[in-house]
Amino acid sequence: MAETTAMTAAKIESILQENRLFEPPLELAAKARISGMEAYRALVAEADADADGFWGRLARQELDWFRPFEQVLDWTNPPLARWFVGGRTNLCHNCLDRHLDGPRRNKTAILWEGEPGDVRRISYGELHREVCRFANALKARGISKGDLVALYMPMVPEAAIAMLACARIGACHSIVFGGFSAEALRDRLVDGQAKAVVTADGGFRKDRKVPLKRAVDAALAGGACPSVQSVFVVRRTGEPVTMVPGRDLLWHDAVAAVDDDCPAEAMDSEDRLFILYTSGSTGRPKGVVHTTAGYNLWAHLTFQWIFDIREDDVFWCTADVGWITGHSYIVYGPLSNGATTVMYEGAPRPSNPGAYWELIQKHGITIFYTAPTVIRAFMKSGRAMPDAFDMSSLRLLGTVGEPINPEAWMWYREVIGAGRCPIIDTWWQTETGGVMITPLPGATPTKPGSATLPLPGIAADVVDAEGNSVAVDEGGFLVVRRPWPGMMRTLHGDEQRFRKSYWEHIRPADGSHLYFAGDGARRDRDGYFWVMGRVDDVINVSGHRLGTMEIESALVSHPAVAEAAVVGRPDDLKGESIVAFVTLEAGRDGDDTLLVALRDHVGEEIGPIARPDAIRFSDALPKTRSGKIMRRILRAVAAGQEVSGDTSTLEDRSVLDGLRVPDGA
């Protein structure tokens, strides 16, 4: 076992090519907010020496307060944290009001483009006015501090306006991604006891109109959600919708009936800001709760630090506001910093496969933040399309959602970034509120495939089952040893599940609380973190533990492979066997010859123990609408089981039909 582990570690190093190191560009480093590793280490040292002093200093420096906080952190009842105790602030105020007394009043806050090509540029002054109007419209329908408002929206400015309006009056928002089914929407409305729903007649996505109001009507049918008293409807596609008298009203009519004066509510630091549901393997979604001040500070700081934001930047995160990435890095992080944030309704599609590159060229986008799965999809279609556009405005490229293969990292750097843009590979989760491990563009030398180092104040570690730090290049559980402001506070209505899922999986002998992320990782000799994916993605083959990302990286390094997902399936002899689902580069055929070649390639790269027992070629892999591969579904398919649990996030159910592994494979 030890010999195999050593061999595997050596092969991992070969696959991930740790010898490739890219220093921050000198010009960028000279102007960066955090310039050089000395500046980074100084912040880390400050946080390690006095965490309360560190976070307190930043909270006072970066946020406006209606009443100062009296205590930075109350950790007397872990894992229940209370941050900035006694303070009062308002996230909407920090995103809008404080920018209005200077030149930012007329600066573009939201640059929005719809899939049909319509464009809106909304200044900070205009956004403030629109937010106040909708806040008053909510109040006119009886929505007040503490009430829950659900948003089921396309990617239109009104989605951000509704979020900010809720924050302004102290209502808790819960965004349900606009592609979810009526059943998934109903479950979340009932669990959260929503008092109102904000939706639209529909939206545009991939050359078609996606109906939304119809799904809301189905979710509310038969009194299934008795708490919902009002439904606000934005006109977007012009499709006819049914309006229920007394319950439904058009957004335009609602805001026309109120004025634009709405003072921001003074919120306690720990007042709920939003609930965001994540998929659960049991079929029951988890309602992650974030609160006002700590989340505001962490979204603000991480956006400022990791994207080295400048006054003239045009920042584009390709996520949907329905995901935590959209919350933190389309709306709250950028606006709190006074930045220009891009919202795009559409996606690359048959009528415009170069839509992303066209937007970068058209709007002079300087920072581009997207998912590794998106990058791999672009790789599959080749570089001719991106090469046709002028993307010289770009200065930073980011990735989010899951670990990125080194090959995709290099393609992204060379083809999209022209070899000059740093790659900001970020690791974080819905539960963490913001990025936790990432390079800083003006400080951190980067390695393809590594998220590099924790941000200042984040005490990340890789440990064994007893909570002991593991050796260099030894795999283990990725944990955080100290609380941080952006951390989730609980799961809505289920504190016991919160404790068990995140804080009791690993319990050190000294009784300390470790936040367990659910991911496996290792640290190299430079202290860099290599996130290897979910721990349940580790395959135990004849007693040898193999990370699925290791095998996926080996497969993707073959020139025929565009994307790969690897899972284990039960095996009477070996415990688990390895099944790989592979999509190929354009023009490549998945025949028996290639199958053998891929198995041999993995054997050469990692070792014979890692050769897939079965390889299934497919045109696509099952992904969430945020771009993550749903390996849980692939495990069920590989084992010949029915797909169960929560599949509401699955983007295209038809993908499942092409994934079945033949009997005996």
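Which residues of α20 are buried? Hold that thought for a moment, and I'll come back to it once we have the overall picture.

So, what we have here is a predicted model. The chain averages a pLDDT of 90, and 91% of the residues score at least 70. There are weak spots, though. Over residues 1-18 the pLDDT drops below 50, and that stretch makes 38 contacts in the model beyond its near neighbours in sequence. Residues 661-665 are also below 50, with 10 contacts of that kind. I'll leave both of those stretches alone today.

Okay, the overall build. We have 20 helices and 30 strands in the chain. For 665 residues, a compact globule would have a radius of gyration near 26 Å, and the chain comes in at 24 Å, which agrees. If you box up the C-alpha atoms along the principal axes, you get roughly 70 × 55 × 50 Å. Buried residues account for 62% of the 665. And look at who touches whom: take contacts between residues at least 6 apart in sequence, and 71% of them join residues at least 24 apart.

What about the surface? The accessible area is about 24,100 Å², and carbon and sulfur atoms own 48% of that. As for charge, the chain carries 73 positive and 88 negative charges, and the mean positions of those two sets are 3 Å apart.

Right, back to the opening question. Helix α20 covers residues 631-638, and 6 of its 8 residues are buried, so the helix is largely enclosed by the rest of the structure. The buried ones are R631, I633, L634, A636, V637 and A638. Notice that there's an arginine in that list, R631. So what covers them? The cover includes helix α18, at 548-556, plus strands β28, at 561-571, and β29, at 575-584. Just after α20, you'll find G640 with a positive phi of about 75 degrees.

Now take α18, since it's part of that cover. Here 9 of the 9 residues are buried, so α18 is largely enclosed too. Reading along, that's T548, M549, E550, I551, E552, S553, A554, L555 and V556. You'll spot two glutamates in there, E550 and E552, both on the buried list.

Let's jump towards the start of the chain. M37 lies in helix α3, residues 37-49. Is M37 buried or exposed? M37 has a relative accessible area of 16%, and the cut-off for buried is under 20%, so M37 counts as buried. What I like here is the company M37 keeps. Leaving out residues up to four places away in sequence, M37 touches A443, T444, P445 and L453. With T444, the two C-alpha atoms sit 6.4 Å apart, although 407 residues separate them in sequence.

Next helix on my list is α4, residues 51-62, which is where G56 sits. G56 has 0% relative accessibility, so it counts as buried. Setting aside neighbours within four places in sequence, G56 is in contact with F69 and V72. R82 is 26 residues from G56 in sequence, and the C-alpha to C-alpha distance there is 13 Å.

A few backbone oddities are worth a look on screen. P78 and P79 are joined by a cis peptide bond, with omega at about 10 degrees. P79 is in the loop between β1, residues 71-77, and β2, residues 80-85. Stay with β2, because which residue there has a positive phi without being a glycine? It's F84, with phi near 55 degrees, and F84 is in strand β2. At 0% relative accessibility, F84 counts as buried.

K206 has a positive phi as well, about 50 degrees, and again isn't a glycine. K206 sits in the loop between β9, 202-205, and β10, 208-211. Its relative accessibility is 37%, so K206 counts as partly exposed.

Last one: E183, in helix α8, residues 182-192. At 46% relative accessibility, E183 counts as partly exposed. E183 and A219 are 36 residues apart along the chain, with their C-alpha atoms separated by 6.2 Å.

To close where I started: α20 is largely enclosed, with 6 of 8 residues buried, and α18 is part of what covers those residues. Happy to rotate the model to any of these spots.

Technical notes: Residues numbered from 1 in each chain as written. Predicted model: local features only at pLDDT ≥ 70, side-chain atom pairs only at ≥ 80, totals over all residues. Heavy atoms only, no water. pLDDT = per-residue confidence, 0-100. Contact = heavy atoms within 4.5 Å. Helix = DSSP H or I, 4+ residues; strand = E, 2+ residues; numbered from the N terminus. Rg over C-alpha atoms; globule rule 2.2 N^0.38 Å. Buried < 20%, exposed > 50% of the residue type's maximum accessible area, 1.4 Å probe, protein only. Areas by Shrake-Rupley, 256 points an atom, 1.4 Å probe, with all protein chains shown as cover. Lys, Arg positive; Asp, Glu negative; His and termini not counted. Charge placed at Lys NZ, Arg CZ, Asp CG, Glu CD.
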